[in-house]
Amino acid sequence: MTRSAKAWGLSPTATELAKSIPAWLDLPEPRGFRPKRKVRTVWVSDIHLGTRGCNAEMLLDFLASIECETLYLVGDIVDGWRLSRGWYWPDAHNEVVRRVLKMAHRGTRVVLIAGNHDEMLRPYAGMSFGGVEIALEAVHVTADGRRLLVTHGDKFDGVVLYARWLAFLGDKAYEILLRTNRWFNKVRRWFKLPYWSLSAYLKKRVKNAVQFVCAFEEAVAHAARDMDVDGVICGHIHCAEIRQIGDVTYYNDGDWVESCTALVEDHAGAISIVDWAAICFEEAFAKAEKAEAEPVRIKEDA
Ligand SMILES: [Mn+2]
């Protein structure tokens, strides 16, 4: 029996037991360690790498928090339109690419569906780069056997009648709105406030925008019904949603420019929206509350 075991009054069997526990178990956990949430599938789209509006840090944070069998990048991942007008590529955008390649390397199946802002990838459909499969569309089968069409969604633009607002999507006014959102959140960061999307908030409250979103969702669902699938998963309009339209379930994974949302499928086949901005917001709020719970001396006015 070792001296320390004697000092602690441990029986030899307890010492033997302690010895059988691997040494690495005692090592401190790496800083910022979080257990990864295990899901079956993850869908993200409209990351718009190469633009200032891209919330790459939030996306990295989300991807680091999750482990999945399949990752779908549902279009507008790299913004080729923006990059053709001027190069913007900070380190965080490289990190996103590295993180995705790392996931592919570690066994996640990664499927990249080309969108309209990354249409330059469309000729490469059917090929695979560094473990990332490029495709125009895909059919995903859920754990409970439902067939879902996965497509970016821009091809349904033409069917939507609220074309005026649609023009707005690719327009200067929308760019100004996104820029305002960026500055707004920069100021929030100075005050140590978490991310909150001004543009997503406004979009939900502008009547034309709401009408456009509804019309788009219905157009997508109708097209999907004709394709004989149980549901459709898309992005493009930067508006996360899960909605039953007739006998088709409409899913939209949102975006990482405004709302910072994704779709995840659990191992039973249930699909839900992850609102990462809201989760970060709540975490920051809980942290602040905990800090405030420390005893504070109350000053009384005379
Ligand atoms: Mn798009």
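Here are some notes on the fold of this predicted model, going from the whole chain down to one helix.

1. Overall make-up. The protein chain has ten helices and twelve strands. Of its 302 residues, 31% are buried. If you look at contacts with a separation of 6 or more, 69% of them come from residues 24 or more positions apart.

2. The seven-stranded sheet. Start with the open sheet whose seven strands are ordered E4-E5-E3-E2-E1-E11-E12, with mixed pairing. Strands E4 (128–129) and E12 (271–275) sit at its edges, each pairing on one side only. Note that the order along the sheet puts E2 between E3 and E1.

3. A parallel pair inside it. E2 and strand E3 (residues 109–113) run parallel and are joined by five bridges. For a spot to click on, try Val74, which stands opposite Ile113 in E3. As for helices on this sheet, H10 packs on it and touches E11 and E12. The direction of H10 makes about 55° with that of E12.

4. The five-stranded sheet. There is also an open sheet of five strands, again with mixed pairing, in the order E6-E7-E8-E10-E9. Its edge strands are E6 (138–141) and E9 (241–245), and each of these pairs on one side only. From one strand to the next, the twist averages 25°.

5. A parallel pair here too. Which way do strand E8 (residues 231–234) and strand E10 (residues 248–252) run relative to each other, parallel or antiparallel? They run parallel, with four bridges joining them. Within this pair, Ile233 stands opposite Tyr251 in E10.

6. Helix H3 and its buried side. In helix H3 (residues 56–64), the buried residues are Ala56, Leu59, Phe62 and Leu63. These four cover an arc of only 120° around the axis, so they lie on the same side of H3. The spacing fits the usual helix geometry: with 3.6 residues a turn in an α-helix, residues three or four places apart point the same way.

7. What sits over that side. Which elements cover the buried residues of H3? Among them are two strands, E2 (66–74) and E11 (261–265), and two helices, H5 (91–105) and H10 (276–292). Both of those strands belong to the seven-stranded sheet, and H10 is the helix that packs on this sheet by touching E11 and E12. That makes H3 a handy place to begin when you step through the model.

Note on methods. Residues numbered from 1 in each chain as written. Predicted model: local features only at pLDDT ≥ 70, side-chain atom pairs only at ≥ 80, totals over all residues. Pairing = 2+ DSSP bridges. Axes fitted to C-alpha atoms, helices over the stretch in contact; angles between N-to-C directions. Buried ≥ 20, exposed ≤ 12 C-beta atoms within 10 Å, placed from the backbone. Arc of directions from axis to C-beta. Contact = placed C-beta atoms within 7 Å.
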